[in-house]
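User: Please take a close look at one part of this structure, the open sheet, and describe how its strands are arranged and what packs on them. Then set out how the two chains meet.

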2 protein chains.
Amino acid sequence: MEIIKTIKEMKAFSSKARQRGKTIAFVPTMGFFHEGHLSLMREGRKRCDLLIVSLFVNPTQFGPSEDFQKYPRDFERDRKMAEDVGVDLLFAPEAKEMYPSDHQTVVRVEKVTRGLCGRSRPTHFQGVATVVTMLFNIVMPHVAVFGEKDFQQLVTIRQMVKDLYMDVEILGMPTVREADGLAMSSRNLYLRPEEKQAALSLYRSLKRAEELLQKGERKVEKILKEVTGIFLSEPLVKIDYVQVCNPTTLEDLSEIERDVVIALAAYVGQTRLIDNLIYRSC
Amino acid sequence: MEIIKTIKEMKAFSSKARQRGKTIAFVPTMGFFHEGHLSLMREGRKRCDLLIVSLFVNPTQFGPSEDFQKYPRDFERDRKMAEDVGVDLLFAPEAKEMYPSDHQTVVRVEKVTRGLCGRSRPTHFQGVATVVTMLFNIVMPHVAVFGEKDFQQLVTIRQMVKDLYMDVEILGMPTVREADGLAMSSRNLYLRPEEKQAALSLYRSLKRAEELLQKGERKVEKILKEVTGIFLSEPLVKIDYVQVCNPTTLEDLSEIERDVVIALAAYVGQTRLIDNLIYRSC
């Protein structure tokens, strides 16, 4: 597995690969890999001739009071895991390589980033859209793989690619969960044992909503009432939002007609976790 | 000369051309061609195998009280002029083709768009940066040619391409002027004869500034005093700004050390005109 740290070398590698007719799959990550990341890499591995993974803890997607400094990092561990899963190239630039001091261009996707996590993280998705645009231009992939766990991020990237006519196919992959149902996240590392136990209520509430949908419930109000009820019995969990949305526009629904996504965010102790469930009506 | 109106056909044409190893020069325009546009096309013609010109009056770069509706349009005239100058393909999409109703992504270049025209046209450069990003992704050029007449636009595009690591070479071409010195612009069409006469003071003031620089004047204050003096004797001209700036960052200068751009905007009657002069110290 090759490791590249400069943009110049990365662009040269991808240009050359494309000239030789190779297809490139790309998985952008912030590192500290878990099975969720590995599932994206395995999908990328199947899809294209070359698999490139970026490892970059992007400062511009963290708010001023968020966990940029303490976000977990372990390059050696990540390097080995990427190699074992068949990654061809790990792109791991420094922040000052990506953002020189005169950097001043941002990409913003407007409607789909306003609600859900966008309300409490007003600059987060602008940071994501900008860095993903930069990475797409540097890595020049044919296919890019993202997790459905960060559902609003996936919708934002899809909308951006469509609006700006970028030539990249976006693949969304199902959330990978622990045996007990907890969605895998690098931030689960922050949870103490009793918090981890409390965090299971997130998935439990989503499963309850799914059960109601399967039984034919179509009133969003009723579903949300049951779901929020589950959190009331968990003193360690403070809900930020639970919403039932159109999975393309992320607009709030009051009545369910077709596919929906039930998305939620909650603080478990000091740690902010997100999860979601996609329900397809057919 | 081929004419294409849909994004899908345009992308297919450029993909195929690139696969066959052809290089593409691109001149984005809002049409109503004059010698300024043609000089950009001639340069593009020399640089690459294929020359593509886009003709699109981009609604998002006009403010609510600006001249989008009355902006001059003459497709037949433009088509003929493009053909005569050796354009291979004219890309002329409709606004609803470029901006479907759910379009919501914008590209913003921050520092260099704040001053100069950015103060009175706060959303203009966001509209420009967004449409140029879209056009670059659709047309996939190797080289794109812009006029130095729209100097802040040129700086904005250069900064955007650098920040987002786009794979396009940006060429800036000198302003083309009428015999009397007036910078060519599609908006000159709006000028009545007495206004056209008054508009000559714009270039006259820039030439006076150049003269002072050539004589060794290095105090910006003194240069601006003389330049603004010239406009005071023109009752039809209302100056918006005259500034002496660093030509890369567009920051205001008080003392001249290296290259500078003297940029100005003024209303002549109801018509807003811009002009500039680049002074290279060596």
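Analyst: In this predicted model, chain A holds an open sheet of 3 strands in the order β8-β9-β10, and their pairing is antiparallel. The edges of the sheet are formed by β8 (237–245) and β10 (271–279) of chain A, each of which pairs on one side only. Direction ignored, neighbouring strands of this sheet are turned against each other by 15 degrees on average.

The pairing of β9(A) with β10(A) can be followed in detail. Strand β9 of chain A, residues 260–268, is joined to β10(A) by 9 bridges, and the two strands run antiparallel. Within this pairing, A:Ala263 has A:Asn276 of β10(A) as its bridge partner. Helix α8 of chain A, residues 193–214, packs on the sheet and touches β8, β9 and β10 of chain A. The direction of α8(A) makes about 20 degrees with that of β10(A).

Strand pairing also appears where the chains meet. The contact between them draws 21 residues from chain A and 21 residues from chain B. On the side of chain A that touches chain B, at least two residues each are supplied by β5 (105–109), α6 (124–139) and α7 (151–163) of chain A. The largest share of that side, 5 residues, belongs to β5(A). By residue class, the side of chain A that touches chain B divides into 10 nonpolar, 6 polar and 5 charged residues.

The strand β5(A) is joined by 5 bridges to strand β5 of chain B, residues 105–109, and these two strands run antiparallel. One of the residues paired here is A:Arg108, whose bridge partner in β5(B) is B:Val106. In general, strands of a sheet pair through backbone hydrogen bonds, either parallel or antiparallel.

The relation between the copies completes the description. A turn of 180 degrees, with a shift of 0.0 Å along the axis, lays chain A on chain B with an RMSD of 0.0 Å. This is the relation of a two-fold axis. Among the residues of chain A, A:Val107 comes closest to the rotation axis, with its C-alpha at 2.3 Å. Because 100% of the interface residues of chain A are also interface residues in chain B, the copies meet through the same surface.

Key
Residues are numbered from 1 along each chain as its sequence is written. Chains are lettered from A and ligands numbered from 1 in the order in which they are written. This is a predicted model: local features need pLDDT of at least 70, side-chain atom pairs count only at pLDDT 80 or more; totals for chains, interfaces and linings use all residues. Two residues are in contact if their C-beta atoms, placed from the backbone, lie within 7 Å. Helices (H or I, at least four residues) and strands (E, at least two) are DSSP runs, numbered from the N terminus. Ala, Val, Leu, Ile, Met, Phe, Trp, Tyr, Cys and Pro count as nonpolar, Asp, Glu, Lys and Arg as charged, and the others, Gly among them, as polar. Two strands pair if DSSP finds at least two bridges between them. Copies are superposed by least squares on the C-alpha atoms of residues with pLDDT of at least 70 in both. Axes are lines fitted to C-alpha atoms, for helices over the stretch in contact, and angles run from 0 to 180 degrees between N-to-C directions.
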